[in-house]
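Reader: I would like a close look at a single part of this structure. Please take one strand and describe its surroundings with care.

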Amino acid sequence: GMTEQPVEIGAIVALLREEGIVDDEKIRFAQRIRAKLTEPKPLLRILQELEHVSPEQVQQALRKRRLDVRLGDLLVELGYLDPHDLRMALDLQNEDPSRKAKLGEVLVQHRFVDERALTEILASQLGFEIAEPRLSAVDPKLLARVNRNWMVQNEFVPVREDERSVVVAFADPTNRAHVDAAESAFGKAIVPAICPRSVILTALNKLPATAPRKGVRNSDQHA
């Protein structure tokens, strides 16, 4: 089974350890340094300053395992977001469970992170293509296969399709549930791309509402 992870090493460092890029000795050394700092710093940053890990190695590990790190952890550990701000954002997210607000949405709405910057961070660190779906350019047959509400709920828009897969633009391509939702809708492999949430929702707002009574695929309507 999994060994107990000390909570404070962080998700990315845990990933680097699993990938054999840093060992426990280097991690413990970095933890001792961190314990002496007056201004706390992500452990990943310390490991990078000690030159135990290069930005390229971080990027490689993240791209290989990109659905294994949650958005909040990613932003904090890469130094784009203060841990205190993440806690505030998570509290705001939990304040109104009925809204089911996504973390990315809360971070942008409350100005913790700029929306464009968020898109660019995820694209560069995780290797997602940045897609700006213009619905006029999307094959109508592809759009017709999915209920609009399902796309709004899971914040995605299909971009293009080939024999084996569908390229789908997500507001948060690290959200495994959203990727699974797209997969179940299109019934084939998904290549996740990223697009600012506002762009996705603006595009979806222009679609006529479809309301299948059950299931996610529009083809189920006639079942």
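Author: What follows is an account of strand S2 and its neighbours. The model is predicted, so that local features need pLDDT of at least 70 and side-chain atom pairs count only at pLDDT 80 or more, while totals for chains, interfaces and linings use all residues. Residues are numbered from 1 along each chain as its sequence is written, and side-chain values use heavy atoms, with hydrogens and water left out.

Strands and helices here are DSSP runs numbered from the N terminus (strands E, at least two residues; helices H or I, at least four), and two strands pair if DSSP finds at least two bridges between them. S1 and S2 form a hairpin with 3 residues between them; the two run antiparallel, joined by 5 bridges, and Pro 158 has Val 168 as its bridge partner in S2. S2 (residues 165–170) runs parallel to S3 (residues 189–194), to which 6 bridges join it, and Ser 165 has Ala 189 as its partner there. Between S2 and S3 the chain passes through helix H11 (residues 176–186) in a right-handed β-α-β crossover, a term for a path that runs clockwise from the first strand over the helix to the second when the strands point away from the viewer.

Because 6 of the 6 residues of S2 are buried, the strand is largely enclosed by the rest of the structure, where buried means under 20% relative accessible area with a 1.4 Å probe, protein chains only. Ser 165, Val 167 and Ala 169 lie on one side, and Val 166, Val 168 and Phe 170 on the other.

Methods: Buried < 20%, exposed > 50% of the residue type's maximum accessible area, 1.4 Å probe, protein only.
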